[in-house]
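Trainee: Got a minute to walk me through this one? I'd like to go over it piece by piece.

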Amino acid sequence: MKSIKVLSALSLLAIAGAANAEVTGSMGIATSYLWRGYDLGETNGVPAISGDLKYSASGFYGGIWGSSGDHLNGTEYDLYAGWGGSAGPVSLDVSYWTYSYPTIKLRPGNLSELVMSVGVGPVSAFLLYNINAPGLNAEGDAKNGDYQYYGVKGKFGAFTALLGHHNDQASKLTHADLTYAYNDNLTFTVSVPVDVATGFEKPADPTYVAAYSVPFGK
């Protein structure tokens with residue numbers, strides 16, 4: 001009888017979790033692939049097609065994001081899993097991401113990051129900390145923490161502002177982005193390099209991106 005009660009309780013939890021679960025996603029196109037202040041198109045204005053699929057339940061989530069990629073690494077797909085929640089105005093989100101590039105045979109797990117953010121109201125601080133990243137040091141292998149990307153962002157009405165900083169052996173770029181959401185589908189972003197201490201492919205001018213996406217499952 002006790003076993004039956006336990007199984008019944010587990011069944012109810014599973015049903016409740018399934019009832020709260022949702023699958024969402026989107027398909028989109030942008031005038032260029034803007035990545036943390038860098039335009040990854042060979043020249044400004046190389047379009048990028050992207051899409052994502054996400055499953056979430058009781059604060060936990062996981063999914064896949066894919067893009068037509070950039071001129072250096074080609075087609076990209078990312079796998080991720082995490083948890084996010086809030087208590088009043090305070091929010092917390094922690095996730096693990098792997099980045100894969102089939103055209104250069106970079107498989108899941110070869111390049112990965114731990115992503116953390118904490119927010120109060122519309123403002124949040126974030127940190128991306130590499131778990132594995134080939135070739136970031138002089139010996140050609142990877143060490144945890146060789147690369148970090150961190151900053152703050154805030155959403156105010158139709159506008160989202162972000163200040164981000166790269167910290168690794170190759171780049172010390174600090175950039176500021178401002179995004180305007182015309183509606184749920186169309187956004188416009190300007191990304192401005194604030195300071196570059198060292199680095200490669202130093203962005204000399206602002207990058208302008210228009211993006212259109214179609215969400216589904218919401």
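Trainee: What does the secondary structure of the protein come to?
Mentor: One helix and 14 strands, where helices (H or I, at least four residues) and strands (E, at least two) are DSSP runs, numbered from the N terminus. Keep in mind that this is a predicted model, where local features need pLDDT of at least 70, side-chain atom pairs count only at pLDDT 80 or more, and totals for chains, interfaces and linings use all residues. Residues are numbered from 1 along each chain as its sequence is written, and side-chain values use heavy atoms, with hydrogens and water left out.

Trainee: Which strand does E8 join, and with how many bridges?
Mentor: Nine bridges join E8 to strand E9 (residues 123-132), and the two run antiparallel. Two strands pair if DSSP finds at least two bridges between them. Within this pairing, serine 117 stands opposite phenylalanine 126 in E9.

Trainee: And what happens in the hairpin of E8 and E9?
Mentor: There are two residues between the strands, and glycine 121 takes a positive phi near 65°.

Trainee: How is strand E7 joined to E8?
Mentor: By nine bridges, with E7 (residues 90-100) running antiparallel to E8 (residues 112-120). Valine 90 stands opposite valine 120 in E8.

Trainee: Switching to the surface: which residues form the nonpolar patch?
Mentor: Val23, Met27, Ile29, Ile49, Leu53, Tyr55, Ile64, Leu79, Tyr212, Val214 and Phe216, with about 990 Å² of accessible area together. Patches are made of residues with over 30% relative accessible area and no salt bridge (a side-chain nitrogen of Lys or Arg within 4 Å of a carboxyl oxygen of Asp or Glu); like charges are joined within 9 Å, and nonpolar side chains (Val, Leu, Ile, Met, Phe, Trp, Tyr) within 5 Å. Areas come from the Shrake-Rupley method with a 1.4 Å probe, and for residues only the protein chains shown count as cover.

Trainee: Which strands each supply at least two residues of it?
Mentor: E1, strand E4 (48-57) and strand E14 (207-216).

Trainee: Take isoleucine 29, in strand E1. Why is it called partly exposed?
Mentor: Because its relative accessible area is 45%; buried means under 20%, exposed over 50%, and partly exposed in between (1.4 Å probe, protein chains only).

Trainee: Where is serine 32, then?
Mentor: In the loop between strand E1 (22-30) and strand E2 (34-35).

Trainee: Is serine 32 buried or exposed?
Mentor: Buried, because its relative accessibility is 4%. The C-alpha atoms of serine 32 and alanine 210 are separated by 8.0 Å, though the two are 178 residues apart along the chain.
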